[in-house]
Amino acid sequence: LLQNHGSLLPLAKTERLETYGCGDEVHFRAESGSASGTEPNIPAVGDRCKPDGGSACPYPEDALKVAGMEVTSFHLQDGGAGPRDPEATAIVCLVAAAKNTEGTDRANLDLLGADTFPLTKYKKSVVWVIAPGPVLMPFAATAGAIVLSSLPGEMGGAALADILLGHASPAGHLSLSMPNKPQETQVKANPTSDDYAEGFEVGYRWYQAKSVKPNFAFGWGLSYAKYVQVVSASLSTPCSNARPSVRLQLRADIGDNGVTKGEISHVAQLYLQHQKPQPRKFLELAGFGKARGLQNGELVLVNIEFDAPRTWGSNASDKAGFGSSWEAVTEYKVFLSLYGVEHVQELFSVNNSGGTCKATALHSFLTEGPLNFDQDEAVYEHESAREIVAAKPEAHVWPKQPQDAVVADTVAAIVNDSQAEYKWTADAVQPGRLSSRPTGWQATTMVLATGLFALVAVLPRPWRDSGRSYTTTTTTEEEV
């Protein structure tokens with residue numbers, strides 16, 4: 001879901017709809033390669049969109065009618081005169097204009113009818129974009145809502161209807177940047193060869209490094225859960241051989257406006273930025289995880305693993321660089337986002353140099369409270385950065401939450417330093433709220449673990465130093 005002005009979606013069951021180009025003009029047949037001879041399964045008109053997936057449902061106009069909506073269908077070219085019913089919501093389906101085959105690229109990034117369909121004549125409009133890659137969307141400033149599908153397939157019509165009517169909540173995010181114009185980045189195609197001189201600055205990295213705002217940025221995607229709080233975040237094993245991970249606890253304020261929204265999920269995205277030895281101007285996606293089944297005020301746990309950043313040891317333009325090796329990034333930051341690379345909040349800083357490792361929390365949940373992600377605010381920032389006039393939204397007022405138990409967990413990270421000694425560091429996980437106090441076996445385990453930790457801490461150093469060199473550090477809530 002790229003756009004949803006005025007919370008147009010999900011639609012109420014009483015809405016009257018006019019569809020334009022949402023029948024057999026929705027084209028997704030393979031026209032080249034080994035799949036070109038395979039016709040998709042498209043039943044006759046009366047046999048489409050049967051309940052429980054009993055038959056294919058590729059076209060939205062059929063799916064919306066089967067769902068009980070009042071629908072009047074038109075070809076895309078019939079929309080030039082404006083709406084027949086001024087109060088109806090227009091559903092406009094646009095597909096990529098240029099086709100690509102094996103060995104060739106698309107000739108352009110256009111959508112059929114995107115530059116001629118008069119969206120300004122329609123009071124309420126939803127545009128469904130079907131595109132296999134980047135496309136131009138010059139109508140973004142005038143469309144009420146924009147939903148994008150890459151390869152919707154034979155059930156694409158049913159899937160869109162579920163989103164429009166709130167039977168499902170959109171949770172997808174862009175895996176690429178949507179440009180403002182053709183050939184926007186510095187990557188140019190030469191007739192015979194390319195030199196790949198752009199280095200790491202390709203795709204969304206280029207936009208960030210050059211401070212250019214694409215039409216829609218990498219990772220952007222909206223949800224029917226507009227307000228989400230992260231109430232705790234912990235970083236595990238940032239310096240060991242194991243993959244680091246970030247554990248999050250989220251809750252949402254979904255509200256109750258009488259419109260069905262189905263199961264609501266949100267995708268949390270982790271981004272890293274190199275600080276040392278070579279700082280970078282851009283962030284990189286490191287991992288993501290989905291918080292499923294969000295309900296009002298209920299905590300949902302998400303754990304996201306990622307690879308500690310490394311760089312290849314060769315110099316730029318070194319044609320013998322294949323003989324180099326991976327080198328560690330000695331200092332980096334970890335960011336969290338729900339709305340893509342342009343809307344991030346700092347979580348942690350990791351410094352792994354000189355044989356020691358330290359991870360520091362950049363947000364204190366104890367003193368600063370939860371991290372708030374306000375979708376209305378993210379949309380306002382998105383539009384303001386693109387010089388689109390928009391009213392600043394009012395700050396969301398979160399309902400009072402019950403007083404949960406505050407629990408500080410402890411995670412052990414083992415670091416192999418340059419002297420091949422092992423340094424044991426107790427990394428204090430950010431204290432967060434849990435839905436209830438631990439009971440039964442959980443409480444017993446915590447007591448035993450705490451007692452064992454305390455016992456090791458007070459034992460004489462000769463016993464602790466036998467065989468290995470251990471260093472026990474006292475942590476504060478600022479260290480993770």
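1. A residue is called buried here when its relative accessible area is under 20%, and by that cut-off 8 of the 9 residues of strand S8 (residues 245-253) are buried, which leaves the strand mostly covered. The model is a predicted one, and the points below should be read with that in mind.

2. Strand S8 has a pairing partner in strand S7 (residues 227-236), with which it runs antiparallel over 9 bridges; within this pairing, Ala233 stands opposite Leu248 of S8. Strand S8 also pairs with strand S11 (residues 300-305), again in the antiparallel sense, over 6 bridges, and here Arg247 is placed opposite Asn303 of S11. In a regular strand the side chains alternate between the two faces of the sheet.

3. Leu248 deserves separate attention, since the largest nonpolar core has 93 residues, and Leu248 is named together with Met137 and Phe139 as the members that touch the most others. Leaving aside residues up to four places away in sequence, the contacts of Leu248 include Val230, Ser232 and Ala233, and also Val300, Leu301, Val302 and Ile304. Further contacts of Leu248 are made with Ala268, Leu336 and Leu347. Apart from the largest core lies another one, of 7 residues, among them Tyr204, Ala217, Phe218 and Leu283. In soluble globular proteins, nonpolar side chains tend to be buried together.

4. Turning to the cysteines, the count comes to 3 disulfides, and with the bonded cysteines counted along the chain their pattern reads 1-4, 2-3, 5-6. A disulfide is a covalent bond between the sulfur atoms of two cysteines.

5. One of these disulfides joins Cys22 to Cys93, with an S to S distance of 2.1 Å, and it links distant parts of the chain, because Cys22 lies in the loop between strand S2 (16-20) and helix H1 (60-66) while Cys93 lies in strand S4 (residues 89-95), 71 residues apart. The torsion about the S-S bond of Cys22 and Cys93 is about 100°, so this disulfide is right-handed. Cys22 has a relative accessible area of 0% and is therefore buried, and Cys93, at 4% relative accessibility, counts as buried as well.

6. Another disulfide connects Cys49 and Cys57, with an S to S distance of 2.0 Å. The S-S torsion of Cys49 and Cys57 is about 85°, so this disulfide is right-handed. Cys49 is buried, with a relative accessible area of 7%, and Cys57 counts as buried at 2% relative accessibility.

7. The disulfide between Cys239 and Cys357 has an S to S distance of 1.3 Å in the model. Cys239 lies in the loop between S7 and S8, whereas Cys357 belongs to strand S16 (residues 356-361), so the pair ties together parts of the chain that are 118 residues apart in sequence. Both Cys239 and Cys357 are buried.

8. Strand S16, which holds Cys357, pairs with S15 in the antiparallel sense over 6 bridges, and in this pairing Asn351 stands opposite Lys358 of S16. The hairpin of S15 and S16 has 2 residues between the strands, and Gly354 in this hairpin takes a positive phi near 65°. Strand S15 (residues 345-353) is also joined to strand S14 (residues 331-337) by 6 bridges, and these two strands run antiparallel; the bridge partner of Tyr332 in S15 is Val350.

9. Some points of backbone geometry may be worth a look in the viewer. Most residues other than glycine have a negative phi, and most peptide bonds are trans. The peptide bond from Leu9 to Pro10 is nevertheless cis, with omega near 0°, and Pro10 is found in the loop between strand S1 (3-4) and S2. A cis peptide bond also joins Lys276 and Pro277, where omega is about 5°, and Pro277 lies in the loop between strand S9 (266-276) and strand S10 (284-291).

10. Ser7, which lies in the loop between S1 and S2, has a positive phi of about 50° although it is not a glycine, and at 38% relative accessibility Ser7 counts as partly exposed. Thr237 is likewise a residue other than glycine with a positive phi, near 45°, and is found in the loop between S7 and S8. Thr237 is buried, with a relative accessible area of 16%.

Notes. Residues numbered from 1 in each chain as written. Predicted model: local features only at pLDDT ≥ 70, side-chain atom pairs only at ≥ 80, totals over all residues. Heavy atoms only, no water. Buried < 20%, exposed > 50% of the residue type's maximum accessible area, 1.4 Å probe, protein only. Helix = DSSP H or I, 4+ residues; strand = E, 2+ residues; numbered from the N terminus. Pairing = 2+ DSSP bridges. Disulfide = S-S within 2.5 Å. Core = buried A, V, L, I, M, F, W, Y, C linked by side-chain atoms within 4.5 Å. Contact = heavy atoms within 4.5 Å.
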